[in-house]
Amino acid sequence: MNHSISLTVNGTRRDFVLDDPRVTLLDLLRERLHLTGTKKGCDRGQCGACTILVDGKRINSCLALAISHDGADILTIEGVARGDQLHPVQAAFIAHDGFQCGFCTPGQIMSAIGLMQEAQAGNDPERIRECMSGNLCRCGAYAGIVDAVLEAQAGADESSQRRSA
Ligand code: FES
Ligand code: FES
């Protein structure tokens with residue numbers, strides 16, 4: 001039996017017909033939309049390489065059934081830059097050498113954007129480490145990643161202060 005769902009992916013509405021209700025958001029994004037920036041690492045919820053934002057919250061897309069998210073708003077790594085202008089988290093990762101091989105990086109960046117939106121880590125490096133602990137990196141770039149999140153968070157705090165002044 002076929003199932004129809006609609007998702008808004010990086011600002012564009014997409015309609016799908018699923019012939020298998022078990023298809024994950026990760027496979028839908030990679031195989032049907034060819035958005036391969038979201039990586040398949042472990043495919044079992046352990047590495048964070050597949051992190052995306054669904055309705056503003058970060059999730060492991062390898063564990064999420066697409067059919068359960070009919071109508072959802074999805075943000076993937078392909079949707080975070082504005083044209084040539086990088087997202088502040090992307091710019092901070094570059095500035096702090098927060099990535100090396102790039103396989104875990106899309107998930108790290110999506111997770112960092114998600115945790116900033118959750119506003120639960122503030123400027124506490126230990127809390128940032130804890131909030132990012134679902135995203136594994138084999139190449140030891142963790143120190144750069146924490147510094148990048150701290151810088152992006154400081155920039156976000158500054159611009160919200162400017163807005164409220
Ligand atoms: S691929 Fe989803 S958590 Fe590893
Ligand atoms: S930069 Fe390669 S696993 Fe993290």
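These questions and answers cover a buried threonine, the salt bridges and the cysteines of a predicted model.

Local features need pLDDT of at least 70 and side-chain atom pairs pLDDT 80 or more, while totals for chains, interfaces and linings use all residues. Residues are numbered from 1 along each chain as written, chains are lettered from A and ligands numbered from 1 in written order, and side-chain values use heavy atoms, without hydrogens and water.

Q: Is Thr 76 buried or exposed?
A: Buried means under 20% relative accessible area, exposed over 50%, and partly exposed in between (1.4 Å probe, protein chains only). The relative accessible area of Thr 76 is 0%. Thr 76 is therefore buried.

Q: Which residue forms salt bridges with both Asp 27 and Asp 43?
A: A salt bridge puts a side-chain nitrogen of Lys or Arg within 4 Å of a carboxyl oxygen of Asp or Glu. The N to O distance is 2.9 Å for the bridge to Asp 27 and 3.7 Å for the one to Asp 43. The residue that bridges to both is Lys 40.

Q: Is Asp 27 buried or exposed?
A: Asp 27 has 17% relative accessibility, whereas its partner Lys 40 has 31% and counts as partly exposed. Asp 27 counts as buried.

Q: How many disulfides does the structure hold?
A: A disulfide is a pair of cysteine sulfur atoms within 2.5 Å. Cys 42 is partly exposed at 26% relative accessibility, and Cys 137 is buried at 8%. A search of the whole structure gives a count of zero.
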